[in-house]
Amino acid sequence: MNDTVGIVIVSHSKDIAKGTADMVREMVGSEVKVAFCGGNPDGGLGTNVSFIVDAINNAWSPRGVAILVDLGGAETNSEMAVEMLEPDRRNLVVVCNAPIVEGAVMAATEAAGGSSLDEVRAVAEELSAS
Amino acid sequence: MLETRKANGEIITGSVKLVHAAGMHARPAVKLTKLAKKFQAQISIRASEAAEWINAKSVSKIMALRAPRDSTIEFKASGEDAEAAVAALVKLVAADFPDTDP
């Protein structure tokens with residue numbers, strides 16, 4: 001199969017991030033690359049820019065990467081992580097405005113069909129539209 | 001319980017009874033959408049005669065279907081591989097969404 005859009009899950013809690021990634025892998029399958037991060041370097045709750053950069057690299061695909069986040073800092077730190085990427089990769093990463101668990105499963109389902117990054121993002125964001 | 005027929009040359013339809021214990025919940029919805037996306041045909045689905053047809057390739061719409069067990073799921077498809085699409089989707093539902101691709 002051709003490359004599919006990768007999925008990154010960023011939560012304040014490593015357990016939530018891992019659990020969401022587990023749901024994606026089990027429900028959607030292994031054809032979509034999924035990476036996750038959560039918590040601060042001390043093991044507490046929080047998000048961390050360099051962890052997010054690592055997750056983006058782990059899920060990297062030439063088709064792009066869609067990031068699903070939970071609250072406040074997860075979004076701003078994800079945007080910061082995107083800013084830290086090389087200029088030619090920045091445009092291939094989007095932070096979706098979508099609920100983290102539902103958004104990740106639906107984005108991955110769309111990605112598995114070979115859809116573009118814009119299509120994957122649109123499907124995740126359908127959940128926030130109504 | 002499994003029926004496919006070719007109506008007016010273009011539109012392929014099929015219907016199948018939903019045997020999944022939990023109805024059309026998240027996991028079956030993902031499987032159905034993924035399978036539908038493998039075909040070029042336009043594919044619609046509805047879970048009762050009164051319901052609107054919805055796009056079988058839209059995971060959010062399929063998840064919102066909330067079809068209970070024993071519903072009759074109807075498909076209609078048009079396009080080059082419509083017949084194969086309806087046959088595959090009917091098979092998936094009839095086989096209760098097995099873990100391996102049908």
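Let's start inside chain A, where strand 1 (residues 6-11) and strand 3 (residues 65-69) run parallel and are joined by five bridges. Keep in mind that this is a predicted model. To find your place in that pairing, look for A:Gly6, which stands opposite A:Val65 in strand 3 of chain A.

Now zoom out to the whole sheet. Chain A has four strands in an open sheet, ordered 2-1-3-4, with parallel pairing. At the edges sit strand 2 (34-38) and strand 4 (93-96) of chain A, each pairing on one side only. On average, neighbouring strands in this sheet are turned by 20 degrees against each other, direction ignored.

Next come the helices. Helix 1 of chain A lies across strands 1 and 2 of that chain, running at about 165 degrees to strand 2. Helix 5 of chain A lies across strand 1, strand 2, strand 3 and strand 4 of chain A, and runs at about 175 degrees to strand 1.

Both helices turn up again where the chains meet. There, 11 residues of chain A are in contact with eight residues of chain B. On the chain A side, the elements giving two or more residues are helix 1 (14-28), helix 5 (100-112) and helix 6 (117-129). Helix 5 of chain A gives the most, with five residues. Sorted by class, this side of chain A has seven nonpolar, two polar and two charged residues.

Finally, hop over to chain B. B:Ala51 is in the loop between strand 3 (42-46) and strand 4 (54-55) of chain B. B:Ala51 counts as partly exposed because it has 13 C-beta neighbours inside 10 Å. B:Thr13 is 38 residues away along the chain, and the C-alpha atoms of B:Ala51 and B:Thr13 are separated by 16 Å.

Conventions. Residues are numbered from 1 along each chain as its sequence is written. Chains are lettered from A and ligands numbered from 1 in the order in which they are written. This is a predicted model: local features need pLDDT of at least 70, side-chain atom pairs count only at pLDDT 80 or more; totals for chains, interfaces and linings use all residues. Two residues are in contact if their C-beta atoms, placed from the backbone, lie within 7 Å. Ala, Val, Leu, Ile, Met, Phe, Trp, Tyr, Cys and Pro count as nonpolar, Asp, Glu, Lys and Arg as charged, and the others, Gly among them, as polar. A residue is buried if 20 or more other C-beta atoms lie within 10 Å of its own, exposed if 12 or fewer, and partly exposed in between; C-beta atoms are placed from the backbone. Two strands pair if DSSP finds at least two bridges between them. Axes are lines fitted to C-alpha atoms, for helices over the stretch in contact, and angles run from 0 to 180 degrees between N-to-C directions.
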